[in-house]
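Student: Could you take me through the inside of this protein, with a close look at its largest cavity and the core around that part? Please keep it informal.

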Amino acid sequence: MNKTWKKFRVILTAAGMAVCMTAGLGLGIYWSRGQAEKTIVAAAEKEMGFEAGEMEEDTQSYQRYADEECLYKDKVLDEEIAKEVCDKYNLDYDTVKSEDVTREMRNYEEALWLLKDMGNRPLLGKEWGKGAFASLQMYIQEIYAFGDGEEVIREMCKGYEIDPDKAVISDLTTEQLIEIGEKAFETSDHPKG
């Protein structure tokens, strides 16, 4: 019995270490996701002029209704953008439920928002202090939790024949913004759930 134990001790030790390392990695990912969320909320609060923690109640109420059936128009802050999404996809603005809005529709909504609210910001750059996101690069790196935003934008702009060092977000079309967002989503190793 003692010989058998000695024989498998190394294997059992390695398996135990693998389990511990996986658990540690999982906890690290969970913690970093929470930190990123707090950073984004704090930046949004600062940009909107709220005191720290003032928006948390709104965020929690949004999350509370996220699983419930509610109208799409009640979840989108910009009525004009919500109507444009509904028009494009032949949805009734007054009755479409949030659960019926597909990922493709959300991507279109995001592109419209980027053009409207961040259109004058550059494609590249990491300068903080000009609102929550000073560039498209910062935005996609935060949203998709990865550090290759510049590479994605440069690669995509090469195909569009746009100089990413001189262009601003409004130089792109909604389709191009959607393509950049999809490429960032695919490139990111963030969980895709």
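Tutor: Let's start with contact, which means heavy atoms within 4.5 Å. Among contacts in the protein between residues at least 6 apart in sequence, 54% join residues at least 24 apart. Keep in mind that this is a predicted model, where local features need pLDDT of at least 70, side-chain atom pairs count only at pLDDT 80 or more, and totals for chains, interfaces and linings use all residues. Residues are numbered from 1 along each chain as its sequence is written, and side-chain values use heavy atoms, with hydrogens and water left out.

The protein has eight helices and zero strands; helices (H or I, at least four residues) and strands (E, at least two) are DSSP runs, numbered from the N terminus. Of its 193 residues, 31% are buried, that is, under 20% relative accessible area with a 1.4 Å probe and protein chains only, while exposed is over 50% and partly exposed lies in between.

Now for the cavity. On a 1 Å grid over the protein atoms alone, a cavity is a set of points where a 1.4 Å probe fits but cannot get out, and lining residues have an atom within 4 Å of a point. Grid points are joined across faces, edges and corners, and a volume is the space filled by probe spheres set on the points. The structure holds two cavities of 30 Å³ or more, and the largest has a volume of about 60 Å³. Its lining includes L114, L136, I140, L177 and I180. Two or more lining residues come from each of α5 (103–118), α6 (136–143) and α8 (174–187).

Some of those names come back in the largest nonpolar core, a set of buried Ala, Val, Leu, Ile, Met, Phe, Trp, Tyr and Cys residues joined through side-chain atoms within 4.5 Å. This core has 25 residues, and L136, I140 and I180 are among those with the most contacts inside it. At least two core residues come from each of α5, α6, α7 (149–160) and α8, with α7 giving the most, five. Look at L136: leaving aside neighbours within four places in sequence, its contacts include L114, I153, L177 and I180. A second, separate core of 13 residues includes V76, V85, V101 and Y108.

Finally, check the loop between α6 and α7, where you'll find A145. Phi of A145 is near 50°, a positive value in a residue other than glycine, and A145 is partly exposed at 35% relative accessible area.

Terms used:
1 Å grid on protein atoms, 1.4 Å probe; cavity = no way out; pocket = protein on both sides within 12 Å on 5 of 7 lines; lining within 4 Å.
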